[in-house]
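Subject: Structure handover

Hello,

Here is the structure I promised you. Please open it first, then read my notes with the model on your screen.

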Amino acid sequence: MSYKKQLIELRGAENGEARDNRSGVTQAIVEIFEQAITAGELGPGAKLPPTRQLAELTGVNHLTAARAYRQLAERGLVSSKVGSGTFVRAAAAAIPGSERVKNSIAWQRYVLPEFEETYGDRVLAEMHSHVQTEGLIPLSVGYPSERIFPIEEMRAATHEVMATQPERALQYSDVRGTHELAEQVAVLSAARGEEEDPEDIVITSGATQGLSLAMRAILTPGDVVACEDPSFMSVIRAIRAAGAKVQPVPVDEDGLDVDALEALLARTEIRALAIQPRLHNPTGRDLSPERRERLLELARRHGFFVVEDGIYGELRFDGEERPSLRADAPAHAIYTDSLSKTVGGGLRAGWVIASGPVLDRIIAEKRSDDIHTPVLNQLVAAEYLAQGHYPAQLERAREHYRRGYGAMEESIERHLGGVAHYLEPLGGGHVWVTLDSPVSERDLVDEAWRQGVAYAPGGAMSVARTQDLCLRLSYCFLEPDEMDEGVRRLASALETLSVRPARRAAAPV
Ligand SMILES: Cc1ncc(COP(=O)(O)O)c(C=O)c1O
């Protein structure tokens, strides 16, 4: 019987005890609603009849009806909004009524806000789990192998810090970070010929936090941010998390397509541009000097921030270092970087460099995020840098990345020649491969997984999922023979999906 009918039947109980007993009739009304909610007849958000209508239906007075609703509210089943009425709460269906469901976590499903996980987020989360998956070759993992970690130097630096300033290492500190590490970061910038004031440096927990703080500092919901497409997934997520819209701007072998940016600026106002001008992940390419000049001119003319990620900037295989954008436009460029790709990501030693009022906003965001980056990590990183180990470590890391690419290049030529082409990276840890024939990205990811290899699918690194013929293969984590086997499996997955190498024309006899 519907709950409404049951309520009407209460009226017939005029001769019964319930009518004579105010608490009895209230109890009866409460139980009818409770059953209707538990059975799903009244679902989350359903509106209950107004108290006057309930009073008429059941033949009780208005006060009794109001009392019944109050009791339902006390049980967590309904809530009232002044002027709009009484509604079934989202979590009501999962309110544990019996001992058996006392510790049920089901209610969380009703009350948690919808989780908007993007394709890129999911791929990023999966990539971290690839490392642990038995038998899977993770060409997707974009961080360096443990083999390059400076273990002995770090041991010595940690020992030194704990021997000389253990209290400081364990105490809260300034939100910006320790002055020792800020000074060492300024030394790293100076080694590239770029002068930075340690006062402009905020130590962060990795470059990821730096990107997120920068975005939150400059954006309000509804703003538009231009972003290289493809790009690093976490920067796309940081922009969206700040409530802004992301506008993709293509990249090619000379970096960001500045003509496309200019066309975008002609029709939309942007608050910021997210860019990796040196050794971009995933393409491994630089922004050309001509485009760099034009880009900075556009930033000044249109008044937007440039959120510059320099994380791979020093991992160039050969040739001259390129200057950061910030070197020429400190008023516009907010620079983020870390030791993650050269020393070790587990340290979470990152930083943001910014000038002007935006710096205070970044500091405020940092404070509300985590008060400060762990002091022990900061002191150890600063001690390690102060002991002068970094130049040799950087050379070791460069050599590792350079050799990794050499091996990867051979494997691609060997196994994917004729089915794909790639952009030759100038440094960094990834190669951006494009398939010559169309194949469903989802099918290829699944088939590759079945055959025991994982890679970063291009669609996941793209703002609008437009790069779905592309694959990012990383060469900084695996040994050459593992990489070769991974690329062979990938070729085999493509073959299973009937993407075969183009037949070479027979040589004339
Ligand atoms: C382009 C880029 N920026 C930032 C990061 C994040 O670095 P961190 O580990 O220091 O947070 C990564 C890590 O893969 C990256 O590839």
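A helix here is a DSSP run of H or I with at least four residues, and helices are numbered from the N terminus. One such helix is α16, residues 357-370, and E365 is found in it. Keep in mind that the model is predicted.

**E365**

Start with this residue. Is E365 buried, partly exposed or exposed? Its relative accessibility is 21%, so E365 counts as partly exposed. The cut-off explains the label, because buried means under 20%.

Now look across the chain. E365 and S212 are 153 residues apart in sequence, yet their C-alpha atoms are separated by 9.1 Å. Leaving out residues up to four places away in sequence, E365 touches L213, R216 and A217. With R216 there is also a polar contact: the two side chains are joined at 2.9 Å.

**The largest pocket**

Next, the open spaces. The largest pocket holds about 550 Å³ of space. Its lining has 30 residues, and those closest to the centre are H128, Y143, T208, F232 and K341. Three elements give two or more residues each to this lining: α7 (119-130), α11 (206-218) and α15 (340-344). Which of the elements gives the most to the lining of the largest pocket? The answer is α11, with four residues. By class, the lining of the largest pocket has 11 nonpolar, 14 polar and five charged residues.

**S234**

T208 has come up already, as one of the residues closest to the centre of the largest pocket. S234 touches T208, and it touches L124 as well, not counting residues up to four places away in sequence. You will find S234 in helix α12, residues 233-241. At 6% relative accessibility, S234 counts as buried. The side chain of S234 makes a polar contact of 3.2 Å with the side chain of R237.

**The second largest pocket**

The volume of the second largest pocket is about 220 Å³. Its lining includes R147, I148, R396, E399 and H400. Also in this lining are R403, G404, Y475, L478, E479, P480 and M483. Two helices, α18 (390-416) and α20 (480-496), each supply at least two of the lining residues. How many residues come from α18? Five do, and that is the largest share of this lining. The classes here are five nonpolar, two polar and five charged residues.

**Strand β11**

Now turn to the strands. Strand β11 spans residues 349-353, and five of its five residues are buried. Which residues lie on each side of β11? A349, W351 and I353 are on one side, G350 and V352 are on the other, and all are buried.

This strand has two partners to look at. Strand β4, residues 201-205, pairs with β11 in the antiparallel sense over five bridges. In that pairing, V202 stands opposite V352. Strand β10 also runs antiparallel to β11, and four bridges join them. There, T336 has V352 as its bridge partner. Find V352 on your screen and follow both links: V202 stands opposite V352, and T336 is bridged to V352.

**Cavities**

How many cavities of 30 Å³ or more does a search of the whole structure find? It finds three. The largest cavity holds about 100 Å³ of space. Its lining has 14 residues, with E314, D337, S338, W351 and Y390 nearest the centre. You have met W351 before, as one of the buried residues of β11. Both α10 (179-191) and β10 supply at least two residues of the lining. By class, the lining of the largest cavity has seven nonpolar, four polar and three charged residues.

**S324**

One residue is left. S324 sits in the loop between β9 (305-309) and β10 (333-338). Why does S324 count as buried? Its relative accessibility is 1%, and buried means under 20%. The side chain of S324 reaches the backbone nitrogen of A327 at 3.0 Å. Setting aside neighbours within four places in sequence, S324 is in contact with E194, R278, R292, E308 and Y335.

Over to you. Take it one section at a time.

Best wishes

Definitions and conventions
Residues numbered from 1 in each chain as written. Predicted model: local features only at pLDDT ≥ 70, side-chain atom pairs only at ≥ 80, totals over all residues. Heavy atoms only, no water. 1 Å grid on protein atoms, 1.4 Å probe; cavity = no way out; pocket = protein on both sides within 12 Å on 5 of 7 lines; lining within 4 Å. Points joined across faces, edges and corners; volume = space filled by probe spheres on them. Nonpolar A, V, L, I, M, F, W, Y, C, P; charged D, E, K, R; others polar. Buried < 20%, exposed > 50% of the residue type's maximum accessible area, 1.4 Å probe, protein only. Polar contact = N/O pair within 3.5 Å; in protein donor to acceptor, adjacent residues only side chain to side chain. Contact = heavy atoms within 4.5 Å. Pairing = 2+ DSSP bridges.
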